[in-house]
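Got a new structure open and wondering what the labels on it mean? Let's go through some of them one by one.

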Protein chains: 2
Amino acid sequence: MAPPPTTTVPPFVGLIVRVLTFICLLISLILIATNTDTIPTNIGDVKIKFSDFYAYRYLIATVVIGMAYTLLQAAFSIFLVTTGNRLGGEGFCLFDFYGDKFISYFLATGAAASFGMTQDLKQLQNGDDTLNKFLGIADAAASLCLLGFILAVVSSVFSSYALPKRA
Amino acid sequence: MAPPPTTTVPPFVGLIVRVLTFICLLISLILIATNTDTIPTNIGDVKIKFSDFYAYRYLIATVVIGMAYTLLQAAFSIFLVTTGNRLGGEGFCLFDFYGDKFISYFLATGAAASFGMTQDLKQLQNGDDTLNKFLGIADAAASLCLLGFILAVVSSVFSSYALPKRA
């Protein structure tokens, strides 16, 4: 029995999801990479940036790898929408399935690590709000990564439903 | 065309994965819930525990929800292994698919939030190692949650492959 037609998603819907994912990750990358702040201390001003925190470095890594993968998949989707053929044939369904799964988990951990760190850093400040602007922008970047993750989950559900086609 | 038999996994393999997931999460829960430490300060000893940190409270939440879901699925699996029938019929494949997906993402974020916070807290200590024992045990709990997450991903791959059967 062939899989029912309802299990597949129109190619342009998949493409729109990929493009939205890419846009979210791009804004997230710009926000976190340009996030700097200067803290006045007794021994002079201290400049802080994303690379001073492990969690934000990890966030950047997940966002960049997520963008590269999403761009690749968007290119495949454009090819599929314009020509109606899947590049590399149906065997690519497995690549989509495992790739989408891996990337969505990766983005989830990037966003979670940043949120986890930011929340506790806010608490550790103990009423002092010197870092609030810096942490606020970091939270915005993590939120956009979270949005990118949710869109990646949608792609992952699509590619799971497309799995039967590989038979 | 029926999906090839290779797409389904023997029921007892699924059960073993569920049991291993549950064991990992249980040890993780015990480690993080019993993790306390006393820090000597100028104004007397300060007792710290997991609930002082947002990230560890979130870890506990994900582990407990993960355990409840895994226990439910293990019960279904035992029923399947002993009677050969899937409780609730094939329609449950969709519940498995979305449930496994959600729980695995949930566990991933729990482990990532704890790791992110712990690494930066270690760095912020600035050579002082008062918190090292506490953070070490928290890292062990997060690692076991990560192991539980990887096993949940395996269950999720199984339930994705089982999707065609619902047609």
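Q: Why does Tyr56(A) count as buried?
A: Buried means under 20% relative accessible area, exposed means over 50%, and partly exposed is in between (1.4 Å probe, protein chains only). Tyr56(A) comes out at 0%, so buried it is. Before we go on: this is a predicted model, where local features need pLDDT of at least 70, side-chain atom pairs count only at pLDDT 80 or more, and totals for chains, interfaces and linings use all residues. Residues are numbered from 1 along each chain as its sequence is written, chains are lettered from A and ligands numbered from 1 in the order written, and side-chain values use heavy atoms, with hydrogens and water left out.

Q: What makes Phe95(B) partly exposed and Tyr69(B) buried?
A: Phe95(B) has 36% relative accessibility, so it counts as partly exposed. Tyr69(B) has 10%, so it is buried.

Q: How many aromatic pairs does a search of the whole structure find?
A: There are 19 over all chains. Rings of Phe, Tyr and Trp (its six-membered ring) pair if their centres lie within 6.5 Å; planes under 30 degrees apart are stacked, over 60 edge-to-face, and the rest tilted. One of the pairs is Tyr56(A) with Phe134(A), at 6.1 Å centre to centre and 65° between the planes, which is edge-to-face. Tyr56(A) sits in helix H2 and Phe134(A) in helix H4 of chain A, 78 residues apart. Helices here are DSSP runs (H or I, at least four residues), numbered from the N terminus.

Q: Why is the pair of Tyr69(B) and Phe95(B) called tilted?
A: Their centres are 6.2 Å apart and the planes make 50°, so the angle falls in the range left between stacked and edge-to-face. Tyr69(B) lies in helix H2 and Phe95(B) in helix H3 of chain B, so the pair ties together parts 26 residues apart in sequence.

Q: What is Leu25(B) in contact with, leaving aside its neighbours within four places in sequence?
A: Contact means heavy atoms within 4.5 Å. Among its partners are Val63(B), Met67(B), Leu107(B) and Cys145(B). Leu25(B) lies in helix H1 of chain B and has a relative accessible area of 0%, so it is buried too.

Q: How many residues of chain B are in contact with chain A?
A: The count is 35, in contact with 35 residues of chain A. No salt bridges turn up across this interface (a side-chain nitrogen of Lys or Arg within 4 Å of a carboxyl oxygen of Asp or Glu).

Technical notes
Helices (H or I, at least four residues) and strands (E, at least two) are DSSP runs, numbered from the N terminus.
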